[in-house]
Amino acid sequence: MPARRRTDPVAGRAAVAAWLGGDTSRAVTTTAVRFTLEELADVAPGNAVEVRVPPAGAVQAVAGPRHTRGTPPNVVELDTATWLGLVTGRLRWADAVADGRVHASGERSDLSALLPLQAARERR
């Protein structure tokens, strides 16, 4: 079953476009992050990896063993600017990991094959 959408896709795409245009206000950034986290859950449904983008949101995604208690074995944690850079294609996964901007643990935590997200990709 696909993840339940909480962010209106029209509002989510508008927030991503606004962020790409330079609007880094909290409301825009939070909406863009939540929308793209929901997109990730749609593209890679599952519960094997917990992606955390504090304070904006978190989602479980990627097929594999379900996690139910304590700290999940597969966790990705990063700040809002890094997350939005990755999902829009402005930042490469390998570069973000090398710079220490992504904290990823577990064998399923490499999201490079899933990013950038089609719905958030910067059009040039």
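Helices and strands are here DSSP runs, of at least four residues for a helix (H or I) and at least two for a strand (E), numbered from the N terminus. On this basis, the predicted model contains four helices and four strands. Read from the N terminus, these elements follow the order α-α-β-β-β-α-α-β. The radius of gyration is 14 Å, close to the 14 Å given by the globule rule for 124 residues, so the protein is as compact as a globular protein of that length. The C-alpha trace extends over about 35 × 35 × 25 Å along its principal axes. Of the 124 residues, 40% are buried. Among contacts between residues at least 6 apart in sequence, 57% link residues at least 24 apart.

Helix α2, which comprises residues 26-43, takes part in two helix packings described here, with α1 and with α3. Helix α1 (residues 9-20) packs against α2 at an angle of about 120 degrees, and the two axes lie 8 Å apart. Angles from 65 to 115 degrees count as roughly perpendicular and those over 145 as roughly antiparallel; α1 is therefore oblique to α2. The crossing of these two helices is left-handed. On the side of α1, the contact is formed by Pro9, Ala11, Gly12, Arg13, Ala15, Val16, Ala18 and Trp19, and on the side of α2 by Val28, Thr29, Thr31, Ala32, Phe35 and Thr36. Classified by residue type, this contact comprises nine nonpolar residues, four polar residues and one charged residue.

The packing of α2 with helix α3 (residues 80-88) has an angle of about 50 degrees and an axis separation of 10 Å. Angles under 35 degrees count as roughly parallel, and α2 and α3 are therefore oblique to each other. This crossing, too, is left-handed. Residues Thr29, Ala32, Val33, Thr36, Leu37 and Leu40 of α2 meet Thr80, Trp83, Leu84 and Val87 of α3. The contact includes seven nonpolar and three polar residues, with no charged residues. Thr29, Ala32 and Thr36 of α2 are thus listed in the contact with α1 and also in the contact with α3.

Helix α2 also contains Glu38. Its relative accessible area is 11%, and residues under 20% count as buried, so Glu38 is buried. Apart from neighbours within four places in sequence, the contacts of Glu38 are with Arg5, Arg6 and Thr7.

Several backbone features deserve separate description. Most residues other than glycine have a negative phi, and most peptide bonds are trans. In this model, a cis peptide bond with omega of about 0 degrees joins Pro54 and Pro55. Pro55 is located in the loop that connects β1 (49-53) with β2 (57-61). Another cis peptide bond runs from Leu115 to Pro116, where omega is near 0 degrees. Pro116 belongs to the segment that follows β4 (102-105).

A further backbone feature is found at Val62, which is not a glycine but has a positive phi of about 75 degrees. Val62 occupies the loop between β2 and β3 (75-78). With a relative accessible area of 15%, Val62 is buried.

Terms used:
Residues are numbered from 1 along each chain as its sequence is written. This is a predicted model: local features need pLDDT of at least 70, side-chain atom pairs count only at pLDDT 80 or more; totals for chains, interfaces and linings use all residues. Side-chain values use heavy atoms; hydrogens and water are left out. Axes are lines fitted to C-alpha atoms, for helices over the stretch in contact, and angles run from 0 to 180 degrees between N-to-C directions. A crossing is left-handed if the near helix is turned anticlockwise from the far one by less than a right angle, and right-handed if clockwise. Contact means heavy atoms within 4.5 Å. Ala, Val, Leu, Ile, Met, Phe, Trp, Tyr, Cys and Pro count as nonpolar, Asp, Glu, Lys and Arg as charged, and the others, Gly among them, as polar. Buried means under 20% relative accessible area, exposed over 50%, partly exposed in between (1.4 Å probe, protein chains only). The radius of gyration is taken over C-alpha atoms; the globule rule is 2.2 Å times the number of residues to the power 0.38.
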